[in-house]
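User: I have a model open and would like to learn how to read it. Could you walk me through its features one by one?

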Amino acid sequence: MFTQGDIVQSKTGGPKMVVLQVGDTTLTCARVDDADRKAIEVAADSVNPYHEEGDFGVC
């Protein structure tokens, strides 16, 4: 479902994360705003693909 480089967000909200590694049931991610890219392991079923909501940039 997810691949390395995907941008995801927790289903309950929170910061955007980039997928660093994909496991069977887990993802190793890092916050997009973290210059050090500290690895965070999350359950794959606890995140959704990230998408912006609203009319960003639309006049």
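**Reading the strands and the core**

Analyst: Happy to. Keep in mind that this is a predicted model. A good place to start is one pair of strands: S2 and strand S3 (residues 26-31) run antiparallel and are joined by 5 bridges.

User: What secondary structure elements does the protein have, and in which pattern along the sequence?

Analyst: The protein has 5 strands and 0 helices. Along the sequence, that reads β-β-β-β-β.

User: How do I read the pairing of strands?

Analyst: In general, strands of a sheet pair through backbone hydrogen bonds, either parallel or antiparallel. Here, strand S1 (residues 7-10) and strand S2 (residues 17-22) run antiparallel, with 2 bridges joining them. One residue to look at is Val8, whose bridge partner in S2 is Met17. On the S3 side, Met17 stands opposite Arg31. S3 is also joined to S4 by 4 bridges, again antiparallel, and there Leu27 stands opposite Val42 in S4.

User: How many residues lie between S1 and S2 in their hairpin, and how many between S2 and S3 in theirs?

Analyst: S1 and S2 have 6 residues between them, and Gly13 in that turn has a positive phi of about 100°. The hairpin of S2 and S3 has 3 residues in between.

User: In what order do the strands lie in the sheet?

Analyst: The order is S4-S3-S2-S1-S5, an open sheet of 5 strands with antiparallel pairing. Strand S4 (40-43) and strand S5 (47-49) are at the edges, each with a single partner strand, so one side of each has no neighbour in the sheet. On average, neighbouring strands of this sheet are turned by 50° against each other, direction ignored.

User: Now the interior. Which residues make up the largest nonpolar core?

Analyst: The general idea first: in soluble globular proteins, nonpolar side chains tend to be buried together. In this model the largest nonpolar core has 9 residues: Phe2, Val8, Met17, Val19, Leu27, Cys29, Val42, Ala44 and Val47. S2 and S3 each supply at least two residues of this core. Try selecting Val19 as an example: beyond its neighbours within four places in sequence, Val19 is in contact with Thr3, Gln4, Gly5, Asp6, Val8, Leu27, Thr28 and Cys29.

User: Thr28 turned up in that list. Is Thr28 buried or exposed?

Analyst: Thr28 has a relative accessible area of 18%, and the cut-off for buried is under 20%, so Thr28 counts as buried. Thr28 is found in strand S3. Residues up to four places away in sequence aside, Thr28 touches Val18, Val19, Leu20 and Gln21, as well as Ala39, Ile40 and Glu41.

User: And what about Thr12: buried or exposed?

Analyst: Thr12 is exposed, because its relative accessible area of 78% is over the 50% cut-off. You will find Thr12 in the loop between S1 and S2. The side chain of Thr12 makes a polar contact with the side chain of Ser10 (3.0 Å). The C-alpha atoms of Thr12 and Ser46 are separated by 8.3 Å, although these residues are 34 residues apart along the chain.

User: Which figures describe the protein overall?

Analyst: Of its 59 residues, 20% count as buried. The accessible surface comes to about 4400 Å², and 49% of that belongs to carbon and sulfur atoms. For contacts between residues at least 6 apart in sequence, 27% join residues at least 24 apart.

Key. Residues numbered from 1 in each chain as written. Predicted model: local features only at pLDDT ≥ 70, side-chain atom pairs only at ≥ 80, totals over all residues. Heavy atoms only, no water. Pairing = 2+ DSSP bridges. Axes fitted to C-alpha atoms, helices over the stretch in contact; angles between N-to-C directions. Buried < 20%, exposed > 50% of the residue type's maximum accessible area, 1.4 Å probe, protein only. Contact = heavy atoms within 4.5 Å. Core = buried A, V, L, I, M, F, W, Y, C linked by side-chain atoms within 4.5 Å. Polar contact = N/O pair within 3.5 Å; in protein donor to acceptor, adjacent residues only side chain to side chain. Areas by Shrake-Rupley, 256 points an atom, 1.4 Å probe, with all protein chains shown as cover.
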